[in-house]
Amino acid sequence: MAFNPSPEVAVARDAATKLGAFACVVVFLREKDGIGMASYGANAALCTVAGKLGDELFEAARKHFEDGR
């Protein structure tokens with residue numbers, strides 16, 4: 001599995017390490033860019049699972065803010 005050097009993925013990777021987790025998803029808000037998501041999995045299969053979960057969480061967050069909640 002390729003190493004992803006992006007700072008967002010680094011945060012997800014660090015969080016997983018600190019939490020003793022094998023996967024992590026981070027959904028975040030930026031003033032300029034809006035909603036973002038990064039995911040990490042300890043291997044290719046876990047990375048895929050985390051990415052799919054991240055996509056679902058990202059969409060839920062987008063809808064949440066779109067609905068004006």
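This is a short dialogue between a learner and a teacher about reading features in a predicted model.

Q: What is the secondary structure of the protein chain, and which pattern does it follow along the sequence?

A: In this predicted model, the protein chain has 2 helices and 2 strands, and read along the sequence they follow the pattern α-β-β-α. The C-alpha atoms fill a box of roughly 35 × 20 × 20 Å along the principal axes, and 22% of the 69 residues count as buried.

Q: How many ångströms should the 23 residues of H2 span, and how far apart are its end C-alpha atoms?

A: The general idea is to multiply a rise of 1.5 Å a residue along the helix, and for the 23 residues of H2 this gives an expected span of 33 Å, which agrees with the 32 Å between its end C-alpha atoms. Helix H2 covers residues 44-66.

Q: Which residues of H2 are buried, and what covers them?

A: Buried means that a residue has under 20% relative accessible area. In H2, Ala50, Gly51, Gly54 and Ala61 are buried, and what covers the buried residues of this helix includes E1 and strand E2, which runs over residues 34-41. Ser39 lies in strand E2 and is itself buried, with a relative accessible area of 14%. Leaving out residues up to four places away in sequence, Ser39 touches Val9, Ala12, Cys24, Val25, Ala50 and Gly51, and two of the H2 residues named as buried, Ala50 and Gly51, are thus among its contacts.

Q: Is Val27 buried or exposed, or does it fall in between?

A: Val27, found in strand E1 (residues 23-30), is partly exposed because its relative accessible area is 35%, a value that lies between the cut-offs of 20% and 50%. Leaving aside neighbours within four places in sequence, Val27 is in contact with residues including Ile35, Met37, Leu57 and Ala61. Leu57, found in helix H2, is also partly exposed, at 38% relative accessibility. Together with Leu53, Val27 and Leu57 make a nonpolar surface patch of about 230 Å².

Q: Where do salt bridges occur in helix H2, and how far apart along the helix are the partners Arg62, Glu59 and Glu66?

A: Side chains of opposite charge can pair when their charged atoms come close. An α-helix has 3.6 residues a turn, so residues three or four places apart point the same way. Arg62 forms a salt bridge with Glu59, the closest N and O atoms being 2.3 Å apart, and these two residues of H2 are 3 residues apart, about one turn of the helix. Arg62 also forms a salt bridge with Glu66, at 2.7 Å between the closest N and O atoms, and that pair is 4 residues apart in H2, again about one turn. Arg62 is partly exposed at 29%, whereas Glu66 counts as exposed at 56% relative accessibility.

Q: How many salt bridges does a search of the whole structure find, and what does the nearest side chain of opposite charge to Arg13 look like in terms of distance?

A: The search finds 4 salt bridges, one of which joins the side chains of Asp33 and Arg30, with 3.5 Å from N to O. Arg13, which lies in helix H1 (residues 7-19), is buried yet has no salt bridge, and the nearest side chain of opposite charge, that of Asp14, is 5.1 Å away. Apart from neighbours within four places in sequence, Arg13 is in contact with Phe3, Asn4 and Tyr40.

Key. Residues numbered from 1 in each chain as written. Predicted model: local features only at pLDDT ≥ 70, side-chain atom pairs only at ≥ 80, totals over all residues. Heavy atoms only, no water. Buried < 20%, exposed > 50% of the residue type's maximum accessible area, 1.4 Å probe, protein only. Contact = heavy atoms within 4.5 Å. Lys, Arg positive; Asp, Glu negative; His and termini not counted. Patch = residues over 30% accessible without salt bridge, like charges linked within 9 Å, V, L, I, M, F, W, Y side chains within 5 Å. Areas by Shrake-Rupley, 256 points an atom, 1.4 Å probe, with all protein chains shown as cover. Expected span 1.5 Å × (residues − 1).
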